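Welcome, and please open your viewer. We will go from stop to stop, selecting as we go.

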Amino acid sequence: MTRWLDDDEQRAWRAYLQMQNRLTARLGRQLQQDSGLSLADYEVLVALTEADGGRLRPFALQEQLEWEQSRLSHHLSRMQRRGLVDREGCPGDRRGAFVVLTPAGREAIEGAAPGHVAAVREFFLDQLDRDGVATLERLATRVLRRLDADEQD
């Protein structure tokens, strides 16, 4: 039997979806306007910036971003043409490769990050008090744990 959403749940769910869509669109426009990067570019560059040596194996990047292999491959090709990333062979695995952050990629993320963080604060985090931030983290962690458990079943 289907457990339909009651009125409160329906309003909360729809408000969440609308907030997520509008926030993502706003942050994407800001990032593109300020730096010429897309949110997807930014995600890749953040992952590489945080990785040891600014390099990751493609499967590790795919797993971290939770993207399909074809999406990652096409996106990395576009970023490579723009000089933001490069691919290097893996010395211990002839068929393997690394995705590597280039100096231009590092410069791009360093230039984009201050404006992006300011927008995240302005449109999202500054709307929460400290208790709200803690509640958001608990909620997100709980939902992510549930999703992880479902993927393991």
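Before the first selection, one term: a contact means heavy atoms within 4.5 Å. The model is a predicted one, in which local features need pLDDT of at least 70 and side-chain atom pairs count only at pLDDT 80 or more, while totals for chains, interfaces and linings use all residues. Residues are numbered from 1 along each chain as its sequence is written, and side-chain values use heavy atoms, with hydrogens and water left out.

**Stop 1: His75**

Select His75, which you will find in helix α4, residues 69-81. Helices (H or I, at least four residues) and strands (E, at least two) are DSSP runs here, numbered from the N terminus. Is His75 buried or exposed? It is buried, because its relative accessible area is 9%, and buried means under 20%, exposed over 50% and partly exposed in between, with a 1.4 Å probe and protein chains only. Now show what surrounds this side chain: not counting residues up to four places away in sequence, His75 touches Ser38, Ala40, Asp41, Val44 and Trp67.

**Stop 2: helix α2**

Colour residues 39-50, the twelve residues of helix α2. Which residues of α2 are buried? They are Ala40, Asp41, Tyr42, Val44, Leu45, Ala47 and Leu48. Among them, Ala40, Asp41 and Val44 are contacts of His75. Next, place a distance label between the end C-alpha atoms of α2: they are 16 Å apart, which agrees with the 16 Å expected at 1.5 Å a residue. That expected span is 1.5 Å times one less than the number of residues in the helix.

**Stop 3: Leu101**

Move on to Leu101 in strand β3, residues 93-101. With a relative accessibility of 11%, Leu101 counts as buried. Leaving aside neighbours within four places in sequence, its contacts are Leu45, Leu48, Thr49, Gly54, Leu84 and Arg106. Two of these, Leu45 and Leu48, appear among the buried residues of α2. Then pick Arg87: its C-alpha atom and that of Leu101 are separated by 8.9 Å, with the two positions 14 residues apart along the chain numbering.

**Stop 4: Glu66**

Go to the loop between α3 (58-65) and α4, where Glu66 sits. Check its backbone: phi is positive, about 60°, although Glu66 is not a glycine. Glu66 counts as exposed because its relative accessibility is 68%. For a longer view, add Ala104, which is 38 residues from Glu66 in sequence and 25 Å away in space, C-alpha to C-alpha.

**Stop 5: Ser77**

Return to helix α4 and select Ser77. At 25% relative accessibility, Ser77 counts as partly exposed. Ala112 is 35 residues away from Ser77 in sequence, and the C-alpha distance between them is 21 Å.

**Stop 6: Asp34**

Now select Asp34 in helix α1, residues 7-35. Asp34 is exposed, with a relative accessible area of 55%. Add Asp8 to the selection: 26 residues apart in sequence, Asp34 and Asp8 are 38 Å apart in space, C-alpha to C-alpha.

**Last stop: the whole protein**

Zoom out and show the cartoon. How many helices and strands does the protein have? There are six helices and three strands, running α-α-β-α-α-β-β-α-α from the N terminus on. Along the principal axes, the C-alpha trace spans about 55 × 40 × 25 Å. Buried residues make up 25% of the 153 residues. Finally, colour by contact: among contacts between residues at least 6 apart in sequence, 52% join residues at least 24 apart.
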